Amino acid sequence: MFELIYIGLCLLVGFLGIGRRGGFLLYAFLAVVLTPPGALLVMILLTTRRKKRAKA
């Protein structure tokens, strides 16, 4: 059961990484290697969200 929760949290961190520099795969991988809270901390501290360009 613990493994399913851990993988779910890793995927959640990956989904939160969509739209950031590195994207889903980088943050999901970091969450597996570090821990989900560690990867989330890295995401918050080191990256900013990409701004969507306004269509003229």
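This passage walks through the helices of the chain, the core they share and the surroundings of helix α3.

The model is predicted, and a look at its confidence is a good place to start. The chain has a mean pLDDT of 86, with 91% of its residues at 70 or more. Among the elements, helix α1 (residues 2-16) has the highest mean pLDDT, 93, while helix α3 (residues 36-46) has the lowest, 87.

The overall fold is easy to describe. Three helices and zero strands are found in the chain, and the order from the N terminus is α-α-α. Along the principal axes, the C-alpha atoms fill a box of roughly 50 × 20 × 15 Å. Of the contacts with a separation of 6 or more, 49% join residues 24 or more positions apart. Buried residues account for 23% of the 56 residues. The chain exposes about 4,700 Å², and 72% of this area is supplied by carbon and sulfur atoms.

What holds the interior of the model is best seen by turning to its core. The largest nonpolar core consists of six residues: C10, V13, Y27, A31, A39 and M43. Helices α1, α2 (23-33) and α3 each give two or more residues to this core. One of the core members, A39, also shows which residues meet around it: leaving aside residues up to four places away in sequence, A39 touches V13, Y27, L30, A31 and L34.

Helix α3 deserves a closer look, since A39 is one of its buried residues, together with P36 and M43. Because these residues cover an arc of only 70 degrees around the axis, they lie on the same side of α3. The cover over them includes α1 and α2. On the other side of α3, the exposed residues are P37, I44, L45 and L46.

An annotation can be set beside this picture. The unreviewed UniProt entry places a "transmembrane region" at residues 24-46. In the model, that stretch is 91% helix and 0% strand, and its end C-alpha atoms are 15 Å apart.

Technical notes: Residues are numbered from 1 along each chain as its sequence is written. This is a predicted model: local features need pLDDT of at least 70, side-chain atom pairs count only at pLDDT 80 or more; totals for chains, interfaces and linings use all residues. Side-chain values use heavy atoms; hydrogens and water are left out. pLDDT is the predictor's confidence in each residue, from 0 to 100. Helices (H or I, at least four residues) and strands (E, at least two) are DSSP runs, numbered from the N terminus. A nonpolar core is a set of buried Ala, Val, Leu, Ile, Met, Phe, Trp, Tyr and Cys residues joined through side-chain atoms within 4.5 Å. Buried means under 20% relative accessible area, exposed over 50%, partly exposed in between (1.4 Å probe, protein chains only). Contact means heavy atoms within 4.5 Å. UniProt positions are given in the numbering used here, feature names are shortened, and annotations may be inferred rather than shown by experiment. The arc is that of the directions from the helix axis to the C-beta atoms. Accessible areas come from the Shrake-Rupley method with a 1.4 Å probe; for residues, only the protein chains shown count as cover.
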